[in-house]
Amino acid sequence: MDKGREALRHSIGTEEAYSLGVITYEHLTWVDHTVRLIDMSKNGVGVESEQRMDPGFVWFNDRVRGHKGGALIWCRKFDEKYRAGIRFVPLTSDEEHLVQEGIVRSGHQPYRNPLEIIAPLIEAMTRSKD
């Protein structure tokens with residue numbers, strides 16, 4: 001185990017593609033990505049992508065280990081692809097519903113009120129650190 005890691009990661013041997021959206025911290029815009037899961041721990045997942053991904057709030061189209069949301073913490077070029085680390089954000093069913101409604105209403109366009117979507121994620125992130 002890497003001493004910088006909080007939890008042991010387990011390699012995943014799958015070529016299955018996962019779709020996710022990232023609401024970037026810098027511009028608060030939605031960017032769609034297709035990734036491949038590389039490794040996973042109880043706290044997050046490592047992914048590989050053809051494109052660079054900017055840090056931000058992550059929304060998985062399909063659940064990953066029971067989670068719909070996360071925070072993209074880092075992204076680095078690795079050979080010809082990019083690798084990124086996503087920390088899961090545990091959401092209540094109400095928070096998950098609020099985020100999903102905000103995403104549907106926005107149509108993935110720049111947000112007039114980005115807090116409508118990211119407030120439940122921020123609340124869950126704050127709560128999970130307690």
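## Exercises on strands, cores and salt bridges

Leu 20 stands opposite Phe 60 in β5. Keep that pair in view as you work through this predicted model.

**Exercise 1. Find the strands that pair with β2, and say how they run relative to it.**

Step 1. Start with β3: seven bridges join β2 to this strand, and the two run antiparallel. Leu 20 has His 33 as its bridge partner in β3.

Step 2. Now turn to β5, which is antiparallel to β2 and joined to it by five bridges. Here the residue opposite Leu 20 is Phe 60.

Step 3. Check how covered β2 is: six of its eight residues are buried, so the strand is mostly covered.

**Exercise 2. Describe Leu 28: where is it found, and is it buried, partly exposed or exposed?**

Step 1. Leu 28 is in the loop between β2 and β3. This hairpin has five residues between the strands, and Leu 28 takes a positive phi near 55 degrees.

Step 2. The relative accessible area of Leu 28 is 26%, so the residue is partly exposed.

Step 3. For its place in space, take Phe 57: the two residues are 29 apart in sequence, and their C-alpha atoms are 9.1 Å apart.

**Exercise 3. Work out which strands build the largest nonpolar core, and which one gives the largest share.**

Step 1. The core has 18 residues, and those with the most contacts inside it are Val 45, Val 47, Phe 60, Leu 72 and Ile 86.

Step 2. Go through the strands: β2, β3, β4, β5, β6 and β7 each supply at least two residues of this core. The largest share, four residues, comes from β7.

Step 3. Look around Leu 72. Beyond its neighbours up to four places away in sequence, Leu 72 touches, among others, Val 22, Met 53, Val 58, Ala 84 and Ile 86.

Step 4. Do not merge this core with another one of 11 residues that lies apart from it and includes Trp 30, Ala 71, Leu 121 and Ala 124.

**Exercise 4. Explain why Val 58 counts as buried, and place it among its contacts.**

Step 1. Val 58 lies in strand β5.

Step 2. Its relative accessibility is 1%, and buried means under 20%, so Val 58 counts as buried.

Step 3. Val 58 and Val 22 are 36 residues apart in sequence, yet 4.6 Å apart from C-alpha to C-alpha.

Step 4. Leaving out residues up to four places away in sequence, the contacts of Val 58 include Leu 20, Gly 21, Val 22, Leu 72 and Ile 86.

**Exercise 5. Trace the salt bridges of Glu 48 and Glu 50, and find the network they belong to.**

Step 1. The model has six salt bridges. In one of them Glu 48 pairs with Arg 36, with the closest N and O atoms 3.1 Å apart. Glu 48 is in β4 and Arg 36 in β3, so the pair ties together parts 12 residues apart in sequence. Glu 48 counts as buried, at 10% relative accessibility.

Step 2. Glu 50 meets Lys 81 in a salt bridge of 3.2 Å, N to O. Because Glu 50 lies in the loop between β4 and β5 and Lys 81 in β7, this pair ties together parts 31 residues apart in sequence. Glu 50 is exposed at 55%, while Lys 81 is partly exposed at 31%.

Step 3. A further salt bridge joins Asp 54 to Arg 52, with 2.1 Å between the closest N and O atoms. Asp 54 is partly exposed at 34%, and Arg 52 is partly exposed at 48%.

Step 4. Finally, follow the shared partners: Arg 36, Glu 48, Glu 50, Lys 81 and Arg 83 are joined into one network.

Key:
Residues are numbered from 1 along each chain as its sequence is written. This is a predicted model: local features need pLDDT of at least 70, side-chain atom pairs count only at pLDDT 80 or more; totals for chains, interfaces and linings use all residues. Side-chain values use heavy atoms; hydrogens and water are left out. A nonpolar core is a set of buried Ala, Val, Leu, Ile, Met, Phe, Trp, Tyr and Cys residues joined through side-chain atoms within 4.5 Å. Buried means under 20% relative accessible area, exposed over 50%, partly exposed in between (1.4 Å probe, protein chains only). Contact means heavy atoms within 4.5 Å. Two strands pair if DSSP finds at least two bridges between them. A salt bridge is a side-chain nitrogen of Lys or Arg within 4 Å of a carboxyl oxygen of Asp or Glu.
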